[in-house]
Amino acid sequence: MKKTASSFWSSLWQLFFPPLCYSCGRVLQHYENTLCLQCEISLTESHFAPDKPNPMQQRLAEHVPVEFATALFLFYPQGKIEQLLYQLKYKGQEKLSAYFGCWAARELPPTLFRQCTAVIPMPLHTKRQRKRGYNQVQGFAEKWATDLGIPLRNDVVWRKKNTRQLASGKVKNRWEEVQDAFVLYPITEMSDNHWLLVDDVMTSGASLCACAKTLLQIPRSKISIVTIAYRK
Ligand SMILES: [Zn+2]
């Protein structure tokens, strides 16, 4: 009886406040979730092949040894994925993070990362996380941890430096700015791990490389990387 009453109110709520597509704002059909099918189709998946090096992996490998790296989507300026990542980061649409995690679980076979032993969401500086209210990659990272059956670790590395965002002005040398931005937490028993570092978008790769280098200071560590999007 209780259930019937709650589904009645839920149906009534949806009648007056139907769920809308996070991208185009159109009313979602009962078979759609978060994005309408049209918007989903218009997103460009990277289709980086699992059996050969991809451009993202090659760019990262110039700076830091990575076991494997891939991204779910390709990022184009003014494209739909840029708009969605903006919603995720600056408009409180935290739900998109887990939504992309579910998409990645379907498209990127977990076997690619079966050697990984823990998932690390790219840490935000405390001030930025407090202002935003959440880490935008947490939901994406949680989905990876669940699918791979490995722990998600927020207690390994932290961001001590609140680096400027690329969008907020010209950054002369992003690489110099982030090189000492990350520090390991002073805990032991972290050796022999293959970390899966997770971020929202790879642009220059400077932040990812700086964080990966910090993690590689831990004895016998390996790194793989996955992001929601990759900017060519
Ligand atoms: Zn749409």
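Which residue in β6 is the bridge partner of D199? Keep that in mind as you go through these views of a predicted model.

**View 1. Here is the whole protein, with its 9 helices and 6 strands.** Its radius of gyration is 19 Å, close to the 17 Å that the globule rule gives for 232 residues, so the protein is as compact as a globular protein of that length. Measure it up along the principal axes, and the C-alpha atoms fill a box of roughly 55 × 40 × 40 Å. Take contacts between residues at least 6 apart in sequence: 73% of them join residues at least 24 apart.

**View 2. This one is about the surface and what sits beneath it.** About 12,900 Å² of the protein is exposed, and 53% of that comes from carbon and sulfur atoms. Of the 232 residues, 46% count as buried. As for charges, there are 30 positive and 19 negative ones, and their mean positions lie 6 Å apart.

**View 3. Now zoom in on strand β6, residues 222-231.** This strand is mostly covered, with 8 of its 10 residues buried. In a regular strand, side chains alternate between the two faces of the sheet.

**View 4. Strand β1 (residues 68-75) pairs with β6.** The two run parallel and are joined by 7 bridges. If you want one pair to look for, find F68, whose bridge partner in β6 is S224.

**View 5. Strand β5 (residues 194-202) pairs with β6 too.** Here 8 bridges do the joining, and these strands also run parallel. Back to the opening puzzle: the bridge partner of D199 in β6 is T227.

Methods: Residues are numbered from 1 along each chain as its sequence is written. This is a predicted model: local features need pLDDT of at least 70, side-chain atom pairs count only at pLDDT 80 or more; totals for chains, interfaces and linings use all residues. Side-chain values use heavy atoms; hydrogens and water are left out. Helices (H or I, at least four residues) and strands (E, at least two) are DSSP runs, numbered from the N terminus. The radius of gyration is taken over C-alpha atoms; the globule rule is 2.2 Å times the number of residues to the power 0.38. Buried means under 20% relative accessible area, exposed over 50%, partly exposed in between (1.4 Å probe, protein chains only). Contact means heavy atoms within 4.5 Å. Accessible areas come from the Shrake-Rupley method with a 1.4 Å probe; for residues, only the protein chains shown count as cover. Lys and Arg count as positive and Asp and Glu as negative; His and the chain ends are not counted. The place of a charge is taken as NZ of Lys, CZ of Arg, CG of Asp or CD of Glu. Two strands pair if DSSP finds at least two bridges between them.
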